[in-house]
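Open the model in a viewer and keep the sequence panel beside it. The tour goes from one selection to the next.

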Amino acid sequence: MKIISIDTDGIFISEKVDIDKLNEYLDTKTKEIFNVENYLHMEIESHDAAFFRATKGKHYILKDGDKITFHGQSFKGSHMPKFFDKCLEQIAKDMFEGKIVQNINIKDFSIEDLIQSIKVKEEGSYKSDGSLSMQLIQAAKKEMLDIKLKDNDQLCYIKTDKGYELVIPNKKYGNIDWKYYQGILDKIYERLKIEDTKQLTFG
């Protein structure tokens, strides 16, 4: 048996174990070493398939039926645009089905898929006018003169050749900075250590 990963969700191992014998062993050792009764018992949980990659931090993907679950901070985050989750889901699906992981054309996504959001504080809380939050606050004040932002209010933005632009209805934006969004997509390949997306298959 090989231990693959340990975190707050449990211990991931390479093969099934006799859970009753394991709990008996824990009971015996707890009594032997600490002279107390053991009330913490392990339970076993199986998954249809799993993908693990040893990186800085833990990144793994679990599959149960049609449901795919992602673990690892770099796979999550409300600040990520919608296309990030869509791409991650498609790449994981291809990997579990044993398909070649295809390059994704970032330009196939809509403006709505590119939108990101950030929580802001009251204007006086920022030391620098150059921060992204402050840039968006100033843009919001310019576009909506009577706006009053409170701590933890969210502002949405996209990245264009003009910089970070506040998302508001019926606005015409500059040219999308596709290089910026490609960089976000590349982070998925980096986390999974996929260097050549045309050749790598999952097995």
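Strands, like helices, are taken here as DSSP runs, with at least two residues for a strand and at least four for a helix, and they are numbered from the N terminus. By that reading, Ser117 sits in strand E6. The model is a predicted one.

**The whole chain**

Start with everything selected and coloured by secondary structure. The chain holds 5 helices and 8 strands. Followed along the sequence, their order is β-β-α-β-β-β-α-α-β-α-β-β-α. Of its 203 residues, 31% count as buried. The exposed area of the chain is about 13900 Å², with 49% supplied by carbon and sulfur atoms. Among contacts with a separation of 6 or more, 51% are between residues 24 or more positions apart.

Now colour by confidence. The average pLDDT of the chain is 81, and 85% of the residues score at least 70. Select residues 196-203: here the pLDDT is below 50, though the stretch has 22 contacts in the model beyond near neighbours in sequence.

**Strand E6 and Ser117**

Select residues 116-120, which make up strand E6. How many of the 5 residues of E6 are buried? The count is 4, so the strand is largely enclosed by the rest of the structure.

Within E6, pick Ser117. Is Ser117 buried or exposed? Its relative accessible area is 13%, and buried means under 20%, so Ser117 is buried. Show what surrounds it. Apart from neighbours within four places in sequence, Ser117 is in contact with Ser78, His79, Gln154, Leu155, Cys156 and Tyr157.

**Across to E7 and E8**

Add residues 153-160, strand E7, to the selection; E6 and E7 pair in the antiparallel sense over 5 bridges. Cys156 in E7 is the bridge partner of Ser117. At 31% relative accessibility, Cys156 counts as partly exposed.

While on cysteines, select Cys87 as well. Cys87 has a relative accessible area of 1% and is therefore buried. How many disulfides does a search of the whole structure find? The result is 0.

Return to E7 and extend the selection to residues 163-166, strand E8. E7 and E8 pair in the antiparallel sense over 4 bridges. The two strands form a hairpin, with 2 residues between them. Find Ile158, then look opposite: Glu165 in E8 stands there.

**Helix H5**

Select residues 178-191, which form helix H5. Why does its length agree with what is expected of a helix? At 1.5 Å a residue, its 14 residues should span 20 Å, and the end C-alpha atoms are 20 Å apart, so the two agree.

Show the side chains of Tyr181, Ile184, Leu185, Ile188 and Tyr189, which are buried in H5. What do the buried residues of H5 pack against? Their partners are helix H2 (82-96), helix H3 (111-114), E6 and E7, which brings the pair of strands back into view.

Stay on Tyr189 in H5. With a relative accessibility of 6%, Tyr189 counts as buried. Then label Leu88: Tyr189 and Leu88 are 101 residues apart in sequence, yet their C-alpha atoms are 9.1 Å apart in space.

**Helix H3 and Asp113**

Next, select Asp113, which lies in helix H3. Its relative accessible area is 8%, so Asp113 is buried. Leaving aside neighbours within four places in sequence, the contacts of Asp113 are Pro81, Lys82, Phe83 and Lys86.

**Two asparagines in loops**

The last stops concern backbone angles. Most residues other than glycine have a negative phi. Asn35 is not a glycine, yet has a positive phi of about 60°. Look for Asn35 in the loop between helix H1 (19-34) and strand E3 (49-55). With a relative accessible area of 57%, Asn35 is exposed.

Then move to Asn152, in the loop between helix H4 (132-143) and E7. What is the phi of Asn152? Here too the value is positive, about 75°, although Asn152 is not a glycine. Asn152 is exposed, with a relative accessible area of 55%.

Conventions. Residues numbered from 1 in each chain as written. Predicted model: local features only at pLDDT ≥ 70, side-chain atom pairs only at ≥ 80, totals over all residues. Heavy atoms only, no water. Buried < 20%, exposed > 50% of the residue type's maximum accessible area, 1.4 Å probe, protein only. Contact = heavy atoms within 4.5 Å. Areas by Shrake-Rupley, 256 points an atom, 1.4 Å probe, with all protein chains shown as cover. Pairing = 2+ DSSP bridges. Disulfide = S-S within 2.5 Å. pLDDT = per-residue confidence, 0-100. Expected span 1.5 Å × (residues − 1).
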